[in-house]
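Hi,

Here is the structure I promised to pass on. Please open it and keep it beside you while you read my notes.

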Amino acid sequence: MTRLLWREAVYYDANKTMSEAVRTMMQMDAEAARETAAQADAGFLWDFWYPAVRSTEVRGQKLVTAMLLEVPLVLGRTAEGKAFAMRDSCPHRGIPLSYGRLEGKVVECCYHGWRFDACSGQCVEIPSLSSQNKLKVERIFAGHYPCEERDGYVWVYMNAPGTKLPETIPGAPGLTVFSDKYKITHFSCELPSHIDHGIIGLMDPAHGPFVHASWFWRKRGSIHEKAKQFEPIPNGFRMSPHSPSTNSAPYQLLKKITGEPVTTTIDFVLPNIRTEEDRSGKMWFSSRATVTPVRRDLCRIDFVAAWNLFFLPVSIFRIFGKIFLRQDQETMIRQAEGLKHNPRLMLIDDADRPAKWYFALKANLIESRRTGAPMVHPMDGQVTLRWRS
Ligand code: FES
Ligand SMILES: [Fe+2]
């Protein structure tokens, strides 16, 4: 859209040198097509919400940069406190808008001072225009994306390059909580991996005894056979409510304190969300992990957890949470070393079945968007998977 308007600006301004303008346009179009093709190949899922930065990072008149799906973004907060996300590129000559400044709800480019409404991307002023100039400033837009804050993150809706935003988009996903008062905490870490490896690592049930073996969680020797029931849900799958593994100390403790059974429900939904809800009597723990593609070789896990367990202080949870995430991160760094050489890989039953579902869900979603036909779910009902962990 931005490019189109750039083209109009050329028509208005440069009708004396039309052939040159047309040449430039054609180059720009070819470039846009190349860019779109490259992005399509990166294995990203567009038209979804992704967390870009923590809300606390976006404050005052500061412009903050982020990257989602290889799109450079500039984020900020208007004087009224509304978070916004624009493409970090001036539609005039491409300099990052993040080098400019934010004034109220206007972002000003540092190069020629073009000014844009931060929430719509619409150009509101071009300082160099003379009184004779007929250029319709309001028809020029900087790239901008819908932006919402939830659970301490600024979420950005990444619509596919070269497409128009649909009339209505769903709200950004929120964490489910089960009481008014609760504790909440956040972690994040980067993984030097393609999004698909990040996600199948997240849902992989077999790495626990090897990667996360530790005195406070479980011993490596405690590996035993498990059978878990899964069911299809829209855009994903659910590990049906069950009593969590008997070899995990924290669940044992919870059961002892409440005297009631612990029930755990784990969901995965496209594009990248794993949620877990643990409940025991009035006590609950709820968490969400998202794996967000930054570039094709880099993704980021954002983990948020909330709970009303009086015996679990945030500080203690953070110590263990960080150890956990670090263990996953170290493993993915090692894996990336191996993946550089393009090895052949395999997915085995049943431990890797969730990974197979993920790939099938993703492929089927892309196909249904292409054809307009309803999405085919890869599961046709409940299934029990068995593995040892
Ligand atoms: S490059 Fe931004 S105003 Fe010229
Ligand atoms: Fe893990």
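Donors are N, O and S atoms within 2.8 Å of the metal, or within 3.2 Å for Na, K and Ca. Keep in mind that this is a predicted model.

Start with the metal site. Which residues supply the protein donors of the iron ion (ligand 2)? They are H207 and H212, each through NE2, and D328, which gives two OD atoms. These donors lie 2.1 to 2.6 Å from the iron ion. Along the sequence, the donor residues follow the spacing H-x4-H-x115-D. Both H207 and H212 are buried.

Why is the arrangement called irregular? The four donor atoms subtend angles of 54 to 152° around the iron ion (ligand 2). A tetrahedral label would need all angles between 85 and 135 degrees. Water is not among the atoms, so the site may look incomplete.

Now go to strand 11, residues 153–158. Six of its six residues are buried, so the strand is largely enclosed by the rest of the structure. Y153, W155 and Y157 point one way. V154, V156 and M158 point the other way.

Strand 11 has antiparallel pairings with strand 1 and strand 10. Six bridges join strand 1 (residues 48–54) to strand 11. Four bridges join strand 10 (residues 147–150) to strand 11. Look at V156 here. Y50 stands opposite V156, and V156 is also the bridge partner of C147.

Last, find the turn. Strands 10 and 11 form a hairpin with two residues between them. D151, in that turn, has a positive phi of about 50°.

Best wishes

How values were computed:
Residues are numbered from 1 along each chain as its sequence is written. Chains are lettered from A and ligands numbered from 1 in the order in which they are written. This is a predicted model: local features need pLDDT of at least 70, side-chain atom pairs count only at pLDDT 80 or more; totals for chains, interfaces and linings use all residues. Side-chain values use heavy atoms; hydrogens and water are left out. Buried means under 20% relative accessible area, exposed over 50%, partly exposed in between (1.4 Å probe, protein chains only). Two strands pair if DSSP finds at least two bridges between them. Four donors count as tetrahedral if all angles lie between 85 and 135 degrees; four count as square planar and six as octahedral if opposite donors are over 155 degrees apart and all others between 65 and 115; anything else is irregular.
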